[in-house]
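Visitor: Could you take me closely through the aromatic side of this model, and then follow the contacts outward from there to the charged pairs? I would like one connected account with the distances included.

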Amino acid sequence: PNVGITYIPSYSHIFQVGFSSLRTYPSYWQRQDYVSYSDEYTINMGNPLLRPARTSNVELTYILKQKYIFQLSYYRVNDFFIEQSYQMPDELKLLYKSFNIDYTSNLNFTSIIPFSIGKWYSSNLILSVYNEAYKSNDWYGYSYNRNKWTGTLMTNNTFVLSQKPKVSANLMLFYRTPTIQGIWDLESNWGVNAGIRYSFLNDNAVLSLQCNDLFESMYPKTNVRFESQNQNINQNFYSRNITIGFTYKFKGYKNKTRKEIDTSRFGIQ
């Protein structure tokens with residue numbers, strides 16, 4: 001079910017309350033009884049006992065002058081299923097297997113502040129502070145109950161370099177303080193995306209250049225210091241990408257949205 005209420009005492013003040021509840025199913029492959037080897041050290045296993053997760057979400061939103069957004073939200077996922085690496089105690093093997101944990105929850109305070117200077121610069125500043133929690137009574141025989149406050153800052157900036165011809169540039173800046181995920185401790189991370197866009201032929205043609213994760217700093221380093229587990233995980237390799245794009249809109253073209261088929265239960269996105 002999804003329920004939403006909006007109260008508008010004036011167009012300068014808008015209040016919204018929303019509640020939603022959903023059930024998320026493990027993928028088809030996660031529930032199979034299989035064992036596979038990624039290499040001599042890493043094992044992947046399925047778990048036929050995985051249960052569906054149940055999510056409840058509440059959001060309170062205040063919109064000031066139809067542009068400034070302040071939101072308080074809370075969600076809780078019971079029977080949350082998570083896959084985290086486990087160093088086996090009796091042999092030199094690293095095991096990946098999905099388990100249901102008791103729950104995960106997130107209490108989030110977010111504000112979105114737009115800003116502009118004339119017609120040449122516009123920006124959205126997004127500030128977020130949240131408390132994330134994970135609890136499990138049985139993870140390979142261990143139990144844990146962890147939570148941590150985390151802050152994020154992101155700004156999306158657009159610069160209009162020229163009106164004729166139409167040339168604009170974009171710059172995204174992101175920073176997050178250390179956080180957690182299950183038994184993992186994630187270090188602080190930051191990122192920079194930048195691009196430029198050129199429109200011509202009456203805006204029917206667009207040539208663009210985009211570079212994401214300029215400094216390959218977007219993915220945080222992960223450390224595990226929990227009971228017998230001692231791991232250092234660094235996935236921050238080759239994450240930078242550069243894209244050159246060209247699009248042309250023919251006269252009379254209309255974008256048609258096709259109905260998507262839900263294949264999430266089969267592990268296909």
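**Rings, core and charged pairs**

Guide: R76 is placed over the face of Y103, at a distance of 3.8 Å from the ring centre. Everything that follows, like that value, is computed from a predicted model.

Turning from a charge over a ring to rings paired with each other, a search of the whole structure yields 20 aromatic pairs. One of them brings together Y86 and W139, whose ring centres are 5.6 Å apart and whose planes stand at 90°, so this pair is classed as edge-to-face, the class for planes over 60 degrees apart. The two partners come from distant parts of the chain, since Y86 belongs to strand β8 (residues 86-87) while W139 belongs to strand β11 (residues 121-139), and 53 residues separate them. With a relative accessible area of 9%, Y86 is buried, and W139, at 1% relative accessibility, counts as buried too; both values fall under 20%, which is the limit for that class. The pair also sits within a wider grouping, because one aromatic cluster takes in Y86, F99, W139, Y140, Y142, Y144 and F226.

Several of these names return when the nonpolar interior is considered. The largest nonpolar core has 16 residues, and those with the most contacts inside it are W139, Y144, I183, W184 and F226. Two or more residues of this core are given by each of the elements β9 (94-100), β11, β15 (184-186) and β18 (222-226). Y144, which is listed both in the aromatic cluster and among the core residues with the most contacts, touches I101, Y134, K135, S136, W139, G182, I183 and F226 when residues up to four places away in sequence are not counted.

One of those contacts, S136, deserves a closer look. S136 is found in strand β11, and with a relative accessible area of 2% this serine is buried. The side chain of S136 reaches the backbone nitrogen of D138 at 3.3 Å. If neighbours within four places in sequence are left aside, S136 is in contact with I101, D102, Y142, S143 and Y144, and two of these, Y142 and Y144, are members of the aromatic cluster.

Another buried position can be described in the same careful way. I14 lies in strand β2 (residues 13-24) and, at 13% relative accessibility, counts as buried. Beyond residues up to four places away in sequence, I14 touches T6, Y7, I8, T61, Y62, I63 and Q66. For I14 and Q66 the C-alpha to C-alpha distance is 7.7 Å, although they are 52 residues apart in sequence.

The charged pairs complete the account, and the count comes to five salt bridges. In one of them the side chains of R51 and D79 meet, with 2.9 Å from N to O. This pair links distant parts of the chain, 28 residues apart, with R51 in the loop between β4 (42-45) and β5 (53-64) and D79 in the loop between β6 (68-78) and β7 (81-83). D79 also forms a salt bridge with R54, where the closest N and O atoms are 2.9 Å apart. Here D79 lies in the loop between β6 and β7 while R54 lies in strand β5, so the pair ties together parts that are 25 residues apart in sequence. R51, R54 and D79 are thus linked in a network of salt bridges. As for exposure within that network, D79 is buried, with a relative accessible area of 13%, whereas R51 counts as partly exposed at 41% relative accessibility and R54 counts as partly exposed at 35%.

A further salt bridge joins K166 and D203, whose closest N and O atoms are 3.0 Å apart. K166 lies in strand β13 (residues 166-176) and D203 in the loop between β16 (189-200) and β17 (205-212), so this pair ties together parts that are 37 residues apart in sequence. Both ends count as partly exposed, K166 at 39% relative accessibility and D203 at 38%.

Terms used: Residues are numbered from 1 along each chain as its sequence is written. This is a predicted model: local features need pLDDT of at least 70, side-chain atom pairs count only at pLDDT 80 or more; totals for chains, interfaces and linings use all residues. Side-chain values use heavy atoms; hydrogens and water are left out. Rings of Phe, Tyr and Trp (its six-membered ring) pair if their centres lie within 6.5 Å; planes under 30 degrees apart count as stacked, over 60 as edge-to-face and the rest as tilted. Helices (H or I, at least four residues) and strands (E, at least two) are DSSP runs, numbered from the N terminus. Buried means under 20% relative accessible area, exposed over 50%, partly exposed in between (1.4 Å probe, protein chains only). A charge sits over a ring if NZ of Lys or CZ of Arg is within 6 Å of the ring centre and within 35 degrees of the ring normal. Contact means heavy atoms within 4.5 Å. A polar contact is a pair of N or O atoms within 3.5 Å; within protein, one must be able to donate a hydrogen and the other to accept it, and residues adjacent in sequence count only if both atoms are side-chain atoms. A nonpolar core is a set of buried Ala, Val, Leu, Ile, Met, Phe, Trp, Tyr and Cys residues joined through side-chain atoms within 4.5 Å. A salt bridge is a side-chain nitrogen of Lys or Arg within 4 Å of a carboxyl oxygen of Asp or Glu.
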